[in-house]
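Got the viewer open? Let's take a short walk through this one, stop by stop.

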Amino acid sequence: MSQMKHGNHCQEDRDFSCNYFLLQVTGSSSHITNEMPDFYKKCVLAFQDYLKITYKMPECYGDIVNQYIWHNHNICFNGKSLDFRHWARVGLLKVQDIVHQGKICELKIRGKLKKVSNLFFEMSILKKAFPEDWFKLLNSHEKPNFVNARLTNECEEQNIHHLLLRKPQNIYVELLKSRVTVSKSKMYWCNKFQENFEWETIFLSNFANRLLPRKIQDFNWKIFYGAIPVENRLHVMRKSDGICKLCLTDIENVEHLMVSCPALKNVWQKVQELLKVAVPDVNIITYKEIVMGYCHHGKEYDIVNMLIFICKWQIWLRRNFMVFESDLKGIDWLWNSYKTILKGQISTVLRSRFMGKRKSRDLRVLLDKLHLQLESETPISV
Ligand SMILES: [Zn+2]
């Protein structure tokens with residue numbers, strides 16, 4: 001992104017004579033030309049998608065008049081954003097450049113344009129594309145004092161810089177939050193556990209727990225959306241007989257894989273004992289906690305969730321050893337490798353930057369305790 005910032009394509013846009021134009025609009029695929037290298041093209045498009053979710057729908061007079069008219073996903077005709085470049089070149093860029101007394105003002109536009117032969121046609125497209133509600137808001141509002149143009153531009157540029165400086169993790173979290181959940185998955189889990197869940201909390205503890213490696217967060221995500229290729233699912237695709245390859249007795253669905261398979265023995269009880277080190281009075285782990293984690297509790301439950309989710313991942317790995325390499329790993333292997341992964345992850349977390357912060361002190365103490373506990377347990381011989 002920083003490369004792009006200084007590249008010729010974005011800084012001063014040729015057609016829209018405006019700095020960082022492509023990084024300020026939310027609906028520009030047609031304007032991104034073939035001259036632009038593929039990678040930058042994708043970056044710009046991804047950035048515009050990101051803007052779409054961070055930009056609120058304008059709610060007041062000031063918001064509306066400051067909107068760009070071109071390549072704005074809110075101003076669409078037949079599903080496409082508008083792109084009248086010869087308007088932009090003469091300075092008709094924002095809503096404030098074309099409205100007067102709450103209406104799109106033809107006189108104001110005509111006065112600026114060099115070529116008016118298409119004006120009738122263009123005006124009718126513009127009027128149809130312009131959202132109805134905006135007219136209402138424009139009419140109902142007292143006009144504010146306009147800040148001088150230079151100042152507005154400076155603010156905008158700062159906004160863009162601010163957005164560009166955001167950390168990738170923060171962008172990831174916002175994208176996750178904005179994701180409209182497939183209601184089928186939500187309904188499935190509500191019915192399954194007979195509970196109305198608070199989805200945002202669950203998504204944060206499952207998919208954005210900073211104590212977990214990204215691959216495990218993604219695995220949680222897949223379980224939530226039913227995207228794990230368990231035998232039962234493969235059976236529907238006629239690629240498996242549906243039977244669990246570890247116990248060879250039952251159909252393998254996610255619940256069987258994670259909790260009810262006899263090959264798991266008492267692994268969850270052992271996890272339960274271990275997590276008592278962090279939270280002594282924690283409830284018994286059930287299938288619900290294995291899928292959703294513990295959500296409505298304190299920070300120390302991030303650790304509890306870490307213990308659960310890493311074990312979940314390890315169970316999946318063990319299953320894959322069997323399915324893909326016909327390598328049957330015993331329960332001791334599962335437990336020892338779980339502890340090894342856990343120790344590694346705790347060390348990584350303890351070294352990470354956010355752990356250095358003061359507010360993470362309690363977490364650090366608990367993690368140290370847990371690490372000691374893991375060190376003191378003698379590994380079971382396999
Ligand atoms: Zn089984």
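Before selecting anything, one term: a nonpolar core here is a set of buried Ala, Val, Leu, Ile, Met, Phe, Trp, Tyr and Cys residues joined through C-beta atoms within 7 Å. Keep in mind that you are looking at a predicted model.

Start with everything shown as a cartoon. You should find 19 helices and 4 strands in the protein. Of its 382 residues, 24% count as buried.

Now go to the largest nonpolar core, which has 41 residues. Select Val271, Ile303, Val304, Leu307, Ile310 and Cys311, the ones that touch the most other members. Next, color the helices that each supply at least two residues of this core, including α11 (199-207), α12 (214-224), α18 (331-351) and α19 (361-376). Which helix gives the largest share? That's α17, with 10 residues.

Stay there and pick Leu307. Leaving aside residues up to four places away in sequence, Leu307 touches Val271, Leu274 and Leu275.

Next, show just α15 and α17. Their axes come within 10 Å and cross at roughly 155 degrees. Angles over 145 count as roughly antiparallel, so α15 is roughly antiparallel to α17. The crossing of α15 past α17 is right-handed. Turn on side chains for Val267, Val271, Leu274 and Leu275 of α15, and for Val304, Leu307, Ile308 and Cys311 of α17: these make the contact. By type, the residues of this contact are 8 nonpolar, no polar and no charged.

For a last stop, select Val25, Trp70, Ile109 and Leu138. They are among the 22 residues of another core, lying apart from the largest one.

Note on methods:
Residues numbered from 1 in each chain as written. Predicted model: local features only at pLDDT ≥ 70, side-chain atom pairs only at ≥ 80, totals over all residues. Buried ≥ 20, exposed ≤ 12 C-beta atoms within 10 Å, placed from the backbone. Contact = placed C-beta atoms within 7 Å. Axes fitted to C-alpha atoms, helices over the stretch in contact; angles between N-to-C directions. Parallel < 35°, antiparallel > 145°, perpendicular 65-115°, else oblique. Left-handed = near helix turned anticlockwise from the far one by under 90°. Nonpolar A, V, L, I, M, F, W, Y, C, P; charged D, E, K, R; others polar.
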